[in-house]
Structure formats: structure tokens, C-alpha cells
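Trainee: Could we go through this model together, one topic at a time?

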Amino acid sequence: MKVRTRIAPSPTGDPHIGTLYLAIFNYALAKKNNGQFILRIEDTDRERLIEGSTENILYSLKWARIEPDESILKKGKFGPYIQSERLEIYKKYIDRLIENKSAYYCFCTKERLEKLRADQTKNKVQPKYDKHCLLLTDKQIKEKLGNNTPFVIRLNVPQNEEIVFNDLVRGEIKINTNTIDDQVLLKSDGYPTYHAAVVIDDHLMKITHVMRGEEWISSTPKHILIYRSFGWDIPEFIHLSLLRNRDKSKISKRYNHTSLNWYIKEGFLPEALVNYLILLGWSHPEGKEIFNIQEFINKFSFDRINKGGPIFDLEKLKWMNGVYIRSKSISEIKKLSKPFIKYKIENKKLEEILKTIQERLKVFSEINDLISFFFEEPNIEKSILEENYSSSEVKEILSQSLKIIKKNGINEETEKLLREYAEKNKYNIGNFFMVIRISITGRKISPPLIETMKILSESVIEKRILNIINKI
RNA sequence: GGCCUUGUCGUCUAGUGGACUAGGACACCAGGUUUUCAUCCUGGUAAUCGCGGGUUCGAAUCCCGCCAAGGUCACCA
């Protein structure tokens, strides 16, 4: 049997980092087995729907190069790939459940349900539907249906039965049906709930491995019950641990950037984000940390999936992004950085500049800050210029240096001459060059001086140095 | 609270009964290279393996109990 996996995100907002995390693992499992990875949009919650989020999900998966084999864009044999277009299908199948008595109509009002819940909570018993409508006769049901009384359809969960399933990473999990509510399968608006839709779709789309977040463990028995009621084969289940905030709660906006848009805008490389996410959920058999998706696919196995919920560490991601940036060629860096650079720069010069900052760059959004002094006159604080020398000394250093530069141009020989001048006059080398650095770049931290000066050109340097001399 | 899952340095983890005085990575600290920063190299701090029992000649690894954290208990997914 061909392995088929899927992710099933809801279009309820920005594309979520957890969606990518799950996508990567599902993708790898499918690819490992020459199977297919499917993207299904679960838009059955009409109230939380947010316009444009489906497109966003599609885009961010494309950005990350985790592309589905079947989706609303790339139609396969098992469409439609969006649940709102499958309503007829759900209705047909849920009716079957009514026929074989695995499910039943429920006409209870919101008020009754609320009261029931309140009483149960007060008596410290688990809030659960009391199967009130299960007692309705066929005649009563027909009558209410005829009156257009709003209804839902509920799963008739058997009492006191152990549901056992084997999670491929966690092993055997056993849950008693007494802890499970008679789940609504079809809502009064005619849309199925997640629980009904997921089972019907996964079956119809021939999903063999359901790999999803840990939060679904406790509802897995419901799903198994539904599979059973239909007489369908039950897929394999794998529950991945949830990404966490630093307080160990489920990852959220409060502590972390959860929107993939942010990572894209911030200038993270998709391969770095993907690599990092893999590392949070899995460990490489040889202990490697830097590797690509293909290597993950090759080495993937369930027994190396981590069971604990990892805290998302932006610092380590940034480090990893830096590693990836450093590993790229200048022409790649040029292509990648262009969308982030606000200055207009000719190609050749851009390459020169990038060479000086590549190993200093962690995320592309920092790039303007790193290169601004190449294009803008630096604003110089007199105090940092005079940290080690008096203004007359600074003046002397600058005018002498300018002389040397003008006489020799900017090259390695000039560097040697400047150094010799400093030594002769008993200046500390570091402090001496710092005066020049600040005058030219406006900051104490910069790329190597001579490289920087070469790019800036002699005339600009002269102008900046003279400016300082006249100012102090 | 019930049920379920998980529990090794601050963080991510390796570890599947003896090679563990517990290894690696990020972060942090120190030193080296360097005119600054960064990179790179070397070294260091940091986990009595959640706690308590047991099994065993021997346990991070097996068993039992406890504790803690997280998830879940919707006409949300």
C-alpha cells in the first residue's frame, strides 16, 4: 500500500509555524516511502474563517519548499481538497451512521445543554451529553424534522469500553469510552465537525498515516469509533509533541512569533527554518545538526522522533540561519538579499559590499543597518571619537592619515604605511584605527577598514575625514 | 478535577543494563587569530539523569509508587 500523509490546516489566520512543523514531518514520511503528501483545507468552522489565509498557507509551504502532491491547486483523484466543497459527501456518510445506529439526531437547545453542563460542573462530574435525544422514537424524530427543528447529529459512544490504539512513536495508548462525549458530527449549520470530516476525508483520500499534533491524542478514540462504525480500516496514528513557549505552554503569539509571514519578512532562510524545526522533533542518528530535508527523508525513522515538547528557541534558529547564510555563494546572497535592501546599488558594488558583511549577517532584515554607512553620511558622536584621544590628537591622526591615503590611494600598502605611522608616533594600533573607522563609518563596529574604504572610494573618504577635522 | 502524554545541563538533545568521573549543539565565560565587530580555533561553567523505593554484582537505562509540566474534556480545529 502506498503511504499517503496529509496536513489539514484551518484557514483561520496567519500561516502557523506549527503547521509547517507538521507539514515537514508528514512530507518526509510520505517521501521516504515514495508516497504522497496531501494538503487539505479544513474550513468547517465558518465563524473563524479569515479571508486570504488559504492562499497564505499555500504560499508559505511553497516558500519552505514543502509542496503537497495534491491540494486545491494541484488536484489529484480524491478532491475536492477543501472541506466546504465536500458537504454532500459528509451528509451522505453521516446518514449512513444514522442508519446503522452509530449516530443519532439531537434536538437539544443550547439552553438545555448549558444547564446540563453547569449542573455537571457543579456536581464535579465530567461534562458530557446525557444521551437525552437517544430516547426519541422514530415518530418523534420525524415530527421534529418535519417542523424544521434545528438539530445536530451525535456519535453514539458505547459505554465503558477500552479503546486501544498503537501510536507509532508513543506505543500503546488506552482510553476508556466513559471519558468521551457523544461528539457532534454534523452541526446545525449543516457543516460537519472536525471529528466527522477528518475521518471521512482521511478514509476517502486513502490516508495511511495520520501524523498530527499531540493535542489530538485524547480525541483519537472518537475517530477510531467512527472508523469502526463505517467498517473502515483504521490508519496508523502518530502524535508529535507540541512546540512550546518558554513557559512550556503550547506555542503562542504571546511569547513567540507563530506566523510564518514573520519569519519570511524577517529574512530567515527556508532551509534554516526547516532544518531547525526538524531538529526540534527529531534527532539525527549521527548527531548532526545541520542537514537538509533530503537527508532527513533518507534517515527518517519513528524511533528518533522526540516525545517531549520542545521550547522554541529563536536564538538557536538565528545561529542556524547564520550558518546557512555563510555557506552560500555571493551570487546567492545577492539574490536573497535584494528584496531586503532599500538602497539602489549597482551589481558589482553590491557584491563587494556583501562580501564584507556575509559572515556578520544572521537574518536578512538586518542588512540595511549593516550597510547604511556606505550610502548615508554617518552621524558622528564627538564623544566616541574622543574616547582615547584629545580633539587635537584626533585632528592630527586624521590629517596625517588623509595625507597617506591621498598619496598612495587605498590598498594594502596604505594599510602598512598607516600602521607604521601609528607605531612611530606611539599610538595604540587598535585605538588609532578606531579613530579612522569612526570618522568613515560613524560606528565602532564595522567590516574591515581597508575593504570598506576601497568600496567607499577615495573622494568619499576624504570628504568624511575633512568633515570631522573641520567639525571638532 | 477526570482522562491522556511527557520528564537528562538555562534551552534543544545523545543515551535502549557495564565503554557514563553522562556526550554534542545553542547561549554564557575565558584565551588565541584579527586595527573594531563578526567568522574561525582552543578551553571552561553548567544535568547527583523529576523524587522515593525496588530488581541486579552493576541502572539515566528494567519494575512500582509519588511528584511536576503539558494536552484534552465545545454545534473550534
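**Helix α9 and the RNA surface**

Mentor: In α9, the buried residues are Ala272, Leu273, Val274, Asn275, Tyr276, Leu277, Ile278, Leu279, Leu280 and Gly281, where buried stands for 20 or more other C-beta atoms, placed from the backbone, within 10 Å of a residue's own. The model is predicted, with local features needing pLDDT of at least 70 and side-chain atom pairs pLDDT 80 or more, while totals for chains, interfaces and linings use all residues. Residues are numbered from 1 along each chain as its sequence is written, and chains are lettered from A and ligands numbered from 1 in the order in which they are written.

Trainee: How many residues of α9 are buried?

Mentor: Helices here are DSSP runs of H or I with at least four residues, numbered from the N terminus. The helix α9 is mostly covered, and the elements covering its buried residues include α1, α2 and β9. Of its 12 residues, the number buried is 10.

Trainee: Which helix gives the largest share of the surface near RNA strand B?

Mentor: A residue is near the strand if its C-beta atom, placed from the backbone, lies within 6 Å of it. Among the elements that each supply at least two residues of this surface are α9 and α11. The largest share, five residues, comes from α18.

Trainee: Which residues come nearest to RNA strand B?

Mentor: The surface near RNA strand B divides into 22 nonpolar, 16 polar and 26 charged residues, with Asp, Glu, Lys and Arg counted as charged, Ala, Val, Leu, Ile, Met, Phe, Trp, Tyr, Cys and Pro as nonpolar, and the others, Gly among them, as polar. Of the 64 residues around the strand, those that come nearest are Glu42, Asp45, Val184, Pro310 and Phe433.

Notes. Two residues are in contact if their C-beta atoms, placed from the backbone, lie within 7 Å.
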